[in-house]
Amino acid sequence: MFNFAGNSKAINAANKMSLHATNPGTGTNPAAGSELTDAPYARQNCVFDAPVAAVTAAVSELNADVVFSLHLTNNQNAQFIGLWENTTYLGYIVPDEPFNFTGAATERSFTVHADTTKLIRDNP
């Protein structure tokens, strides 16, 4: 769900991503407590390509995979991806493969795949 302040932002304005366990919603701030917090988790940089026309829509594709390192023993739930322009919350998308991480692991990460992630703004 895109917020983009009434469509005043460019579709590819997002330059950071966050992971959320619950729906972060729209508006100026994500829902409190929804973003993951356990280190080494941190928001990650991202780049969306310039939008291209596709019939009545503008489509902007993720330029490269975005990988989040996650805590190895705490249970974590990655169900939503927050989109940010620096520190300004823009909205969220739902990942292709939301995931619940449980139990201990020797390696744990969540990847937002470039080949399946794109932003679409329709203008019928």
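Me: I'd like to start with a loop residue: how large is the relative accessible area of Asn-86?

Reply: Here is the general idea: buried means under 20% relative accessible area, exposed means over 50%, and partly exposed lies in between, using a 1.4 Å probe and protein chains only. Asn-86 has a relative accessible area of 45% and is therefore partly exposed. You are looking at a predicted model, in which local features need pLDDT of at least 70, side-chain atom pairs count only at pLDDT 80 or more, and totals for chains, interfaces and linings use all residues. Residues are numbered from 1 along each chain as its sequence is written, and side-chain values use heavy atoms, leaving out hydrogens and water.

Me: Where is Asn-86, and what is phi there?

Reply: Most residues other than glycine have a negative phi. Asn-86, though not a glycine, has a positive phi, near 60°. Look for Asn-86 in the loop between E7 and E8. These labels are DSSP runs numbered from the N terminus: E for strands of at least two residues, H or I for helices of at least four.

Me: Which loop holds Val-55, and is Val-55 buried or exposed?

Reply: Val-55 sits between strand E3 (52-54) and strand E4 (57-61). Phi of Val-55 is also positive, near 60°. Its relative accessible area is 86%, so Val-55 is exposed.

Me: Which residues does the cis peptide bond join?

Reply: Most peptide bonds are trans. Here a cis bond links Ala-39 to Pro-40, with omega about 15°. Pro-40 belongs to the loop between E1 and E2.

Me: Now the sheet. In what order do the four strands of the open sheet run?

Reply: Two strands pair if DSSP finds at least two bridges between them. Follow E2-E1-E7-E8 across this open sheet, where the pairing is antiparallel. At the edges are strand E2 (44-45) and E8, each of which pairs on one side only.

Me: How many bridges join E1 to E2, and how many join E1 to E7?

Reply: Two bridges connect E1 with E2, while five connect E1 with E7. On the E2 side, Lys-16 has Asn-45 as its bridge partner, and Met-17 stands opposite Gln-44. On the E7 side, Ser-18 is partnered by Gly-82.

Me: Is E1 mostly covered or mostly open?

Reply: E1 is mostly covered, with four of its five residues buried.

Me: Which residues have the most contacts inside the largest nonpolar core?

Reply: A nonpolar core is a set of buried Ala, Val, Leu, Ile, Met, Phe, Trp, Tyr and Cys residues joined through side-chain atoms within 4.5 Å. The largest one here has 23 residues, and Met-17, Leu-19 and Phe-68 have the most contacts inside it. At least two core residues come from each of strand E1 (16-20), strand E5 (66-69), strand E7 (80-85), strand E8 (88-93) and strand E10 (109-112).

Me: Which residues does Phe-68 touch?

Reply: Contact means heavy atoms within 4.5 Å. Leaving aside residues up to four places away in sequence, Phe-68 touches Met-17, Ser-18 and Leu-19, then Tyr-41, Ala-42, Arg-43 and Gln-44, and also Arg-108, Ser-109, Phe-110 and Val-112. Try picking out Met-17 on your screen: Met-17 touches Phe-68 and stands opposite Gln-44 in E2.
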